[in-house]
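Please look through the following protein chain and read the report beside it. It goes from the whole chain down to single residues.

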Amino acid sequence: MSMQIFGLHVSRGVAIGRAVLVASSRIDVAHYFIDVTQIDAEIARLRQARDRVGAELLALKRDLPEDAPQELAALMDVHLMLLHDESLEEAIRLWITERHYNAEWALTAQLDVLVRQFDEMEDEYLRERKADIEQVAERVLSALVATHERPRSAWSLGAGSGPDAGTEGPLVLIANDIAPADMLHFKRSVFTGFVTDVGGRNSHTAIVARSLDIPAVVGAREASRLIRQDDWVIIDGDAGLVIVDPSPIVLEEYVFRQRQGRLERERLSRIKHRSAVTLDGERVTLMANIEMPEDAQSAFEAGAEGVGLFRSEFLFMNRGGQLPDEEEQFEAYRAVVMAMKGMPVTIRTVDIGADKPLERLSNAELRHEHTLNPALGLRAIRWSLADPSMFRRQVRAILRAAVDGPVKLLFPMISRASEIRQTLDILKRCREQLRDAKVNYGDVEIGAMIEIPAATMILPVFLRHFDFVSLGTNDLIQYTLAIDRADEAVAHLYDPWHPAVLHQIERTIRLAREAGKGVSVCGEMAGDLEFTDLLLGMGLRSFSMHPTRVLSVKQRVLRADTSRLARMAGQIMEAEEPRSLAAVMSLDGGAGI
């Protein structure tokens with residue numbers, strides 16, 4: 001029977017496919033596809049983990065004190081029986097052999113199936129026995145994770161042409177949540193869309209979904225429990241709707257909408273080589289945000305006029321805490337500079353922390369510990385200044401890459417004059433070190449992210465020290481409104497249209513232009529058509545977004561008259577409810593003014 005699940009629409013479009021569940025577990029395990037040649041080895045891993053747990057349980061039972069309750073020994077026997085249950089082992093093996101899941105994923109997938117079966121039992125005593133299954137599974141998972149070494153040819157979360165792509169048609173991913181590091185692998189994934197139980201419209205998961213231009217719904221609460229493996233699922237990214245087992249009529253309608261979306265993208269491709277010039281002759285620069293060096297090619301092919309934000313922290317993730325050395329970073333930055341063929345590349349120093357933690361750090365004193373509010377903790381420039389040797393390695397690598405093309409160096413989350421001085425002192429020291437070592441390095445423009453209200457309030461200080469500023473609207477909104485953008489419980493309060501947010505953005509753009517300094521927006525607002533006209537009206541002439549958004553924004557720029565938009569933006573800024581007024585003033589029936 002068809003079922004509808006509502007969540008938050010975060011990335012437009014339609015995805016249709018069979019559900020692949022990443023079952024939740026108290027243990028953080030890897031989920032990836034294995035190659036057909038690795039099936040036997042993966043089954044062997046599973047058996048080794050089972051045998052290890054069996055030995056542990058037997059040892060625990062043997063070492064029980066004489067006065068221990070008999071029930072405890074009986075519980076050990078139950079767990080040993082479950083551990084060696086042939087039907088359970090066979091079911092897990094099927095996930096590995098037929099779906100090519102790694103052992104951890106296969107185990108959690110079968111655990112999800114069993115938990116559902118126990119939950120549906122009428123007998124309360126039997127329902128409670130699911131805890132025994134979960135405890136045994138957690139022990140095996142722990143054994144697998146303890147000895148885990150991901151094979152080089154594995155497809156993490158489907159990265160590459162996973163086996164299911166050719167045999168079962170399109171797949172959609174259903175999960176409680178997807179970590180930012182795992183989202184990196186989505187770029188070469190077999191999945192055409194995804195649904196998560198948690199997350200807000202501007203959580204990192206949602207941002208990556210928009211940047212990849214794939215349909216997604218987050219904050220769908222119980223989706224991962226209500227949807228079963230292999231269910232046919234429609235993801236309506238425009239409405240924030242997930243349809244499970246759709247009727248033939250509904251399926252036909254959404255297939256038609258998919259075709260319409262493809263035609264629209266083909267039409268947009270016709271303006272790829274046109275300059276972004278408004279109707280009244282204002283030149284606008286449209287650049288790209290990227291996460292990894294290989295993304296530079298996509299940026300170039302999309303018609304971006306440079307890289308406005310290279311999020312270098314993604315070079316530091318998925319490495320088991322082993323940080324990249326200077327040479328590795330230099331090669332990565334140089335690859336981006338070369339790929340952009342003379343167009344500027346803005347590299348932001350590492351912004352680790354908050355929703356982008358590392359597994360562990362090489363410096364034990366700086367390990368990323370769980371905090372009550374990591375968004376307010378040791379992250380971004382604070383993390384870099386706390387580990388100056390790491391920071392210097394990164395800055396030197398960026399300076400060296402500037403020999404091969406124009407590079408801009410961007411520092412995140414600076415909020416005070418003392419941080420500016422510390423940062424610039426380190427930059428000076430890096431230049432001296434390279435000069436003393438007779439290593440070539442290039443000139444770079446230096447800039448600061450404006451993403452904390454304190455920075456907007458002392459902006460003149462920033463403009464005295466930096467060549468340009470870049471507005472990180474995602475964090476600026478979060479910190480201004482005291483809203484965790486990853487928390488679906490307060491997602492409805494995350495409001496880019498809030499007057500306090502708009503006034504900070506307008507003030508930053510205006511003061512930077514008056515000082516003759518460059519200013520851009522590299523947050524989500526830059527690629528959101530709802531804000532293109534407003535930002536143009538505020539005087540913004542440099543946008544940076546994911547490559548997939550460049551042509552859509554360019555189309556809006558080509559239709560804009562900035563003199564008219566400036567007048568309308570002034571009226572919107574004075575309104576108590578800017579969003580409502582912007583909707584009323586819309587002349588073309590679309591989003592924005």
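The report below covers the overall make-up of the chain, its salt bridges, one helix pair and a few single residues.

**The chain as a whole**

The model is predicted. The chain holds 24 helices and 18 strands. Of its 593 residues, 54% are buried. Its accessible surface is about 26300 Å², and carbon and sulfur atoms account for 51% of that surface. Contacts often span long stretches of sequence: among those between residues at least 6 apart, 70% join residues at least 24 apart.

**Salt bridges**

Side chains of opposite charge can pair when their charged atoms come close. In the whole structure, 28 salt bridges are found. The table gives three of them.

| Salt bridge | N to O distance |
|---|---|
| Aspartate 236 and arginine 257 | 3.3 Å |
| Aspartate 475 and arginine 379 | 3.1 Å |
| Arginine 429 and glutamate 432 | 3.8 Å |

Aspartate 236 forms a salt bridge with arginine 257. This pair links distant parts of the chain, with aspartate 236 in strand 9 and arginine 257 in helix 11, 21 residues apart. Aspartate 236 is buried because its relative accessible area is 3%, while arginine 257, at 28%, counts as partly exposed.

Aspartate 475 and arginine 379 meet through their side chains. Aspartate 475 is in helix 19 and arginine 379 is in the loop between strand 13 and helix 14, so the pair ties together parts that are 96 residues apart in sequence. Both of these residues are buried.

Arginine 429 forms a salt bridge with glutamate 432. These two residues are three apart in helix 16, so about one helical turn separates them. Arginine 429 is partly exposed at 39% relative accessible area, and glutamate 432 is partly exposed at 25%. Elsewhere, Glu313, Arg348, Asp351, Arg379 and Asp475 are joined into one network by salt bridges that share partners.

**A pair of helices**

Two packed helices are described by the angle between their axes and the distance between the axes. How are helix 20 and helix 21 oriented to each other? Helix 20 (residues 499-514) and helix 21 (residues 529-538) pack at about 45°, with axes 9 Å apart. The two helices are therefore oblique to each other. On the helix 20 side, Leu502, Ile505, Glu506 and Ile509 take part, and they meet Leu534, Leu535 and Met538 of helix 21.

**Single residues**

Is methionine 449 buried or exposed? Methionine 449 counts as buried because its relative accessibility is 1%. It lies in strand 15, and the residues it touches include Leu410, Phe411, Ser470 and Cys522. The C-alpha atoms of methionine 449 and leucine 410 are 6.8 Å apart, although their positions lie 39 residues apart along the chain as a sequence separation.

Methionine 81, in helix 2, counts as exposed because its relative accessibility is 57%. With Leu75 and Val78, Met81 makes a nonpolar surface patch of about 250 Å².

Most residues other than glycine have a negative phi. Aspartate 245 has a positive phi near 50°; this residue sits in the loop between strand 10 and helix 11. Lysine 341 also has a positive phi near 50°, and its place is the loop between helix 13 and strand 13. Aspartate 245 is partly exposed at 31% relative accessible area, whereas lysine 341 is exposed at 59%.

Terms used: Residues numbered from 1 in each chain as written. Predicted model: local features only at pLDDT ≥ 70, side-chain atom pairs only at ≥ 80, totals over all residues. Heavy atoms only, no water. Patch = residues over 30% accessible without salt bridge, like charges linked within 9 Å, V, L, I, M, F, W, Y side chains within 5 Å. Areas by Shrake-Rupley, 256 points an atom, 1.4 Å probe, with all protein chains shown as cover. Salt bridge = Lys/Arg side-chain N within 4 Å of Asp/Glu carboxyl O. Helix = DSSP H or I, 4+ residues; strand = E, 2+ residues; numbered from the N terminus. Buried < 20%, exposed > 50% of the residue type's maximum accessible area, 1.4 Å probe, protein only. Axes fitted to C-alpha atoms, helices over the stretch in contact; angles between N-to-C directions. Parallel < 35°, antiparallel > 145°, perpendicular 65-115°, else oblique. Contact = heavy atoms within 4.5 Å. Lists of a residue's contacts leave out its neighbours within four places in sequence.
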